[in-house]
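The following questions ask how the terms used to describe a protein model rest on stated criteria. Each answer sets a value against a definition and then concludes.

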Amino acid sequence: MEVFEFQINPRLKKEFLMESFYFAPKNFYEKKLGFLFCVGELKNAPPKKSTFLSQLAIFLRENFYKNFSKKREAAFKDLLVLANDFFDQLLKKGEDFWCFNLNFFICNLKQTEFLFSKTGEFKVSIFRAGKLYDLEKKLKGKTPTLKVFDKIAKGKLKERDTLFVLNKELFRTLEKEKIFSHSLFLNEEILRNKIKEKEESLKNSTGIIFGIYVKKTKVFEPLKKEKFEVKKILKNLSLKTNFFQKIHSLSSNPKILLWLLLLFVLLLGKIILK
């Protein structure tokens, strides 16, 4: 299994948080429940809430694996009850900063079978044999409630499948740029190359792209994270950069700075000896 994350222009919008989390079972008892994944975006985040996504993910991780005595699906349902209570408590404290601003995805995966729930504007889909399959349909048709997480969907991944999570606005942009076209499968390397080819077209887009790609081996690799900041990349490639800007960029690297100082000392010594 290959787990990866791309952050597209994470600093394009102020007070916009995005992060993904990958929790592996730590012992024999936790292994019965499998892996837990969380993906989050928070718009208009107050300065004091910069760690909100990580705090929520850790809360979910701790409470999920406490329930190892139950079957996996029952433990996941219990987790959503606790998650909803978590948000209810925030509202009771008058903390509503997350309302209409939060996109959050919770997924449990054991071998190739998955359970997931979500809130907000995330698009969840499977890329299989060159086609995208929308998993929103698995959540539809169930009676909606006022709870943050009120629906659960389940499914199974096949070899060379990729489970994708990203916000709907970013999804529409990637689809328009044919990122999901002309490939039978999309792993981390192929997707990175496609994104790099479309950097200019993505300069006004922001959001997280989270993926789980199924290799032949079912061993999970460490989560790979990468940021694409299109404006920053274009600026660095500009030919208008002057000499002093180049020196400043070199000085940010301690090794290069040390070599420059050593060269200066040697030249100065040579001048003095003359």
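**Helix H3 and its surroundings**

Q: How do you know that the reach of helix H3 (residues 72-92) is close to what is expected?
A: Helix H3 has 21 residues and reaches 31 Å from its first C-alpha to its last. The expected span is 1.5 Å times one less than the number of residues, which here gives 30 Å, and the reach is close to that value. Helices (H or I, at least four residues) and strands (E, at least two) are DSSP runs, numbered from the N terminus.

Q: What is the origin of this model, and which limits apply to it?
A: The model is predicted: local features need pLDDT of at least 70 and side-chain atom pairs count only at pLDDT 80 or more, while totals for chains, interfaces and linings use all residues. Residues are numbered from 1 along each chain as its sequence is written, and side-chain values use heavy atoms, with hydrogens and water left out.

Q: Which residues of H3 are called buried, and what covers them?
A: Buried means under 20% relative accessible area, against over 50% for exposed and in between for partly exposed (1.4 Å probe, protein chains only). The residues of H3 that meet this criterion are Arg72, Ala75, Phe76, Leu79, Leu80, Ala83, Asn84, Phe87 and Leu90. Their cover includes strand E3 (35-42), helix H2 (52-65), strand E4 (102-110) and strand E5 (113-119).

**The sheet**

Q: What makes E2 and E3 a pair?
A: Two strands pair if DSSP finds at least two bridges between them. E2 and E3 have seven bridges, in the antiparallel sense, and therefore satisfy the definition. One of the bridges links methionine 18 with glutamate 41 in E3.

Q: In what order do the five strands of the open sheet stand?
A: The order is E2-E3-E4-E5-E8, with antiparallel pairing. Strand E2 (17-23) and strand E8 (153-156) are at the edges; each has a single partner strand, so one side of each lacks a neighbour in the sheet. From one strand to the next, the twist averages 15 degrees.

Q: How many bridges join E3 to E4, and how many join E5 to E8?
A: Eight bridges join E3 to E4, and glycine 40 has phenylalanine 104 in E4 as its bridge partner. Four bridges join E5 to E8, where phenylalanine 114 stands opposite glycine 155 and phenylalanine 116 opposite alanine 153.

Q: Why is E3 described as largely enclosed by the rest of the structure?
A: Eight of the eight residues of E3 are buried, so the description follows. Phe35, Phe37, Val39 and Glu41 point one way, whereas Leu36, Cys38, Gly40 and Leu42 point the other way.

Q: What is the arrangement of E4 and E5?
A: E4 and E5 form a hairpin with two residues between them, and glutamine 111 in the turn has a positive phi of about 55 degrees. E4 and E5 are joined by seven bridges in the antiparallel sense. E5 is mostly covered, with six of its seven residues buried.

**The whole protein**

Q: What share of the protein counts as buried?
A: Of the 274 residues, 44% count as buried. The secondary structure comprises nine helices and 11 strands.

Q: How do you know that residues far along the chain contribute to the contacts?
A: Contact means heavy atoms within 4.5 Å. Among contacts with a separation of 6 or more, 74% are accounted for by residues 24 or more positions apart.

Definitions and conventions: Axes are lines fitted to C-alpha atoms, for helices over the stretch in contact, and angles run from 0 to 180 degrees between N-to-C directions.
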